[in-house]
Amino acid sequence: MHLRAKIIVGTLITLAVLVVALGFFFYYLISKSFPTTSGTIDVAGLQADVKVYRDEYGVPHILADSESDAYFAVGYVHAQDRLWQMELFRRAGEGRLAEVLGEPALKIDRMFRTLGMRQQATKLAEAADDQTREALRAYADGVSCFIGTHKGKYPVEFDLLDIEPERWTVEHSILISRLMAWELNYSRWVDIVLAEFVERFGEVKASEIFPSWPEDAPIIVPQGLRGRRVAALGEQLLRIDQEFRALMGSGGVESGSNAWAVSGALSTTGKPILANDPHLLFTTPGRWYEMHVTAPGLDVQGATIAGVPFVIIGRNRQIAWGVTNAMLDDEDFYVEQVDSILHPTRYRFNNAWRPLETRVDTILVKNGPPVLLTIYRTHRGPIVNRIEPSAEYSEYLLSMRWVGHEVSNEAGAFYRINRAGNWNGFLEGLRSFATPAQNFVYADTQGNIGYHTGGWIPLRSTKSPTLPFPGWTDQYDWKGFVPFGETPHSFNPPEGFVAAANNKIVADSYPYYISNLWEPHWRITRITELLQSQQKFSVEDMQRLQLDVLSPHAREIVPIVLRATEGRDSADPDVQTVLSYFRNWNYEMKSNDVPTTLFEAFFVRMVHNTFEDEMGPGLLALYDTVATMPMAATARLMKKGISPWFDNLQTPQRESMADIILKSVVDAIQDLKNRHGGEVKEWQWGTFHQVEFPHVFGANELLRKVFNLGPYPVGGSHSTVNKGDFALKRPYANTVGPSTRMIFDLGDADNGRAVTPPGQSGQVFQRHYDDQLVLWLNGGYRRTMMDRSRIENSDYRLLVLTPVD
């Protein structure tokens with residue numbers, strides 16, 4: 001062999017060896033943290049053996065001989081599968097993301113330090129009842145045991161950031177619960193955006209495009225703030241919150257959930273059936289972690305949140321429950337007069353000066369110097385327009401009161417609900433639940449169904465929409481909270497079912513103000529139609545209902561479009577093609593459907609063409625934070641038919657609704673051609689409407705294909721039961737939808753159904769990282785089981801946790 005050939009061969013062999021070695025190293029780096037799911041592990045902190053059976057999708061059944069051991073094992077198992085996720089959310093709530101992510105996360109840290117999440121978690125831990133605190137402590141011990149015994153074998157995200165997890169505490173679990181309450185809160189967006197509308201467009205015009213409750217309630221700017229521009233004081237908070245949500249996968253707000261229960265009279269089993277599919281941001285890993293936990297006095301199965309030991313959506317042997325966002329307005333803003341713009345020390349209240357509570361905090365920043373943050377508070381809560389240095393010279397301060405700053409006991413609520421045996425026991429647990437306000441749908445084995453709002457409703461002096469209030473008087477301060485027995489509820493209604501889909505839940509005669517923002521009626525209308533469509537329902541029927549994609553929104557808007565375009569000529573032949581599709585459409589938004597694409601593209605353009613000339617792109621983007629708000633407003637205006645909003649201020653003529661409708665059809669066609677090309681008949685909805693499950697590291701293009709899952713074509717939209725939200729600023733990427741689908745048969749604990757995308761594991765390349773995704777995409781479900789003997793006689797993988805001294 002020639003020397004040159006030898007060199008080439010040697011080089012190739014060396015490269016091959018290096019590639020193989022790198023492959024082995026990469027595999028080790030990824031797989032070293034994969035959980036042990038069979039055999040025996042000696043752990044310190046248990047009183048007796050705990051058996052952990054994992055089914056074919058990695059869903060654990062934890063069998064313990066004591067409550068303490070059960071919660072210890074829950075913590076250990078959560079840490080096995082979701083340690084990075086727990087670390088991420090703990091750091092977010094504490095305001096410590098910049099320590100590991102650097103300066104880009106500094107604003108987020110400033111926000112959560114200002115909100116005082118960590119201090120609030122400490123107060124709540126101290127106030128918790130003994131049983132709840134002991135359960136949380138056992139859970140924390142289980143997490144910490146795993147952390148302490150797996151040094152050097154943490155998930156790859158820790159290696160990439162060169163950090164190690166810290167010991168878990170009771171406060172961390174409460175912190176994660178409060179962080180989710182912050183994520184699911186809508187009211188701050190409503191108050192600030194509505195205030196901006198009123199300041200720009202006046203009260204009358206603003207009221208046309210903003211939901212109100214009661215119907216036709218006046219939007220009243222409080223005396224003392226008329227003529228003052230105060231909405232901008234809160235926009236800083238909204239922008240930073242959007243950055244936090246973008247870090248987690250989307251700049252929008254989680255929007256919607258479905259839950260319903262039918263009585264035994266409407267069930268093929270003779271017992272109630274309950275279904276729930278909460279709509280959250282799609283992420284990798286997902287927000288829910290399924291499990292089944294048994295111990296003396298405890299036998300509960302359902303969805304948990306990694307970091308918290310209790311089942312949030314689920315059932316025990318006697319009852320089942322699901323949740324939907326109650327859309328409660330549990331936050332208000334107050335404009336404060338202070339003694340100094342640069343260095344305030346006092347604020348005016350009831351013709352006297354009160355001292356501002358001031359605290360200086362230090363934020364550590366990776367690869368940067370520490371940052372000092374001065375935090376101010378009034379008796380209502382934190383000042384939220386001093387988060388960024390650029391805001392230090394604001395003329396006013398803006399304080400915020402939020403139910404999340406009250407001393408409540410959500411952990412204790414779920415501790416008791418997990419054990420409740422009937423409606424009264426369920427309500428006893430719910431009493432201490434303050435935030436995030438939820439509508440709890442209920443069913444039990446005795447045949448009862450019902451729902452009850454869980455959440456503290458502030459007592460206010462008005463039933464009008466809440467704009468920022470003058471802070472120098474107590475006139476607008478909360479007067480307490482609505483008594484629990486007077487919060488919205490229903491028990492065994494005569495129609496034989498209860499349903500909640502973030503819709504308006506009380507009549508205008510209800511004596512207390514709850515909210516001025518509800519999700520549009522579209523989903524609850526369709527759910528009610530389906531539940532009234534037949535005499536008996538099976539578990540399989542409930543699956544079909546959860547997957548329904550007929551759009552009441554399209555059903556009410558398409559006839560308006562057809563009437564408005566009738567007799568109006570267009571030079572574009574594709575316009576007539578679109579209208580022909582609309583005339584022959586059944587309003588089902590399947591992924592292979594062409595009319596759905598045409599309708600959604602039209603409606604996106606309709607929103608832009610109605611509002612953007614007056615709002616501009618910036619304010620419209622803020623309005624779009626909750627995407628159904630501008631969509632619902634546009635639908636209301638179209639049903640009304642006449643509104644000054646339809647006139648385009650950038651043209652000399654005055655446009656009518658029909659003009660804007662035709663323009664929007666033409667614009668939609670051009671937009672779809674620009675995006676996809678081809679002919680109209682090729683524009684299937686799933687080609688445009690796709691879902692991706694982003695990982696935090698997916699923001700890096702090099703890591704996106706490793707950690708993110710998708711995109712995949714999906715059906716549905718904002719208005720369908722099987723929800724498929726997208727933001728107007730990012731059509732048509734589906735970012736929010738069913739984060740889990742669960743069905744509970746109260747006649748048979750082993751006849752439940754569930755699917756929770758993308759999978760149980762938070763560890764990339766582990767087999768349960770995405771093994772429920774295909775099932776979810778295709779409308780499939782897993783069968784769930786609670787019978788101990790069947791579990792013990794199954795072929796599930798068995799891990800035994802054994803106590804050691």
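**Figure 1. The two faces of strand S10 in a predicted model.** Glu331, Phe333 and Val335 point one way from S10. Asp332, Tyr334 and Glu336 point the other way. In a regular strand, side chains alternate between the two faces of the sheet. Here both sets of side chains belong to buried residues. S10 covers residues 331–336, and 6 of its 6 residues are buried.

**Figure 2. Strand S10 beside strand S15.** S15 spans residues 397–402. The two strands run antiparallel, and 6 bridges join them. Phenylalanine 333 of S10 has methionine 400 as its bridge partner in S15.

**Figure 3. Strand S10 beside strand S18.** S18 consists of residues 469–470. This pairing is parallel and has 2 bridges. Valine 335 is matched with proline 470, its bridge partner in S18. Phe333 and Val335, which have bridge partners in S15 and S18 respectively, point one way from S10.

**Figure 4. The setting of these strands in the whole protein.** The predicted fold holds 24 helices and 27 strands. Its radius of gyration is 27 Å, close to the 28 Å that the globule rule gives for 805 residues, so the protein is as compact as a globular protein of that length. The C-alpha trace spans about 80 × 75 × 75 Å along its principal axes. Of the 805 residues, 64% count as buried. Among contacts with a separation of 6 or more, 73% come from residues 24 or more positions apart.

**Figure 5. Surface and charge of the protein.** About 29400 Å² is exposed, and carbon and sulfur atoms supply 52% of it. The protein carries 79 positive and 95 negative charges, and their mean positions are 1 Å apart.

Definitions and conventions: Residues are numbered from 1 along each chain as its sequence is written. This is a predicted model: local features need pLDDT of at least 70, side-chain atom pairs count only at pLDDT 80 or more; totals for chains, interfaces and linings use all residues. Side-chain values use heavy atoms; hydrogens and water are left out. Buried means under 20% relative accessible area, exposed over 50%, partly exposed in between (1.4 Å probe, protein chains only). Helices (H or I, at least four residues) and strands (E, at least two) are DSSP runs, numbered from the N terminus. Two strands pair if DSSP finds at least two bridges between them. The radius of gyration is taken over C-alpha atoms; the globule rule is 2.2 Å times the number of residues to the power 0.38. Contact means heavy atoms within 4.5 Å. Accessible areas come from the Shrake-Rupley method with a 1.4 Å probe; for residues, only the protein chains shown count as cover. Lys and Arg count as positive and Asp and Glu as negative; His and the chain ends are not counted. The place of a charge is taken as NZ of Lys, CZ of Arg, CG of Asp or CD of Glu.
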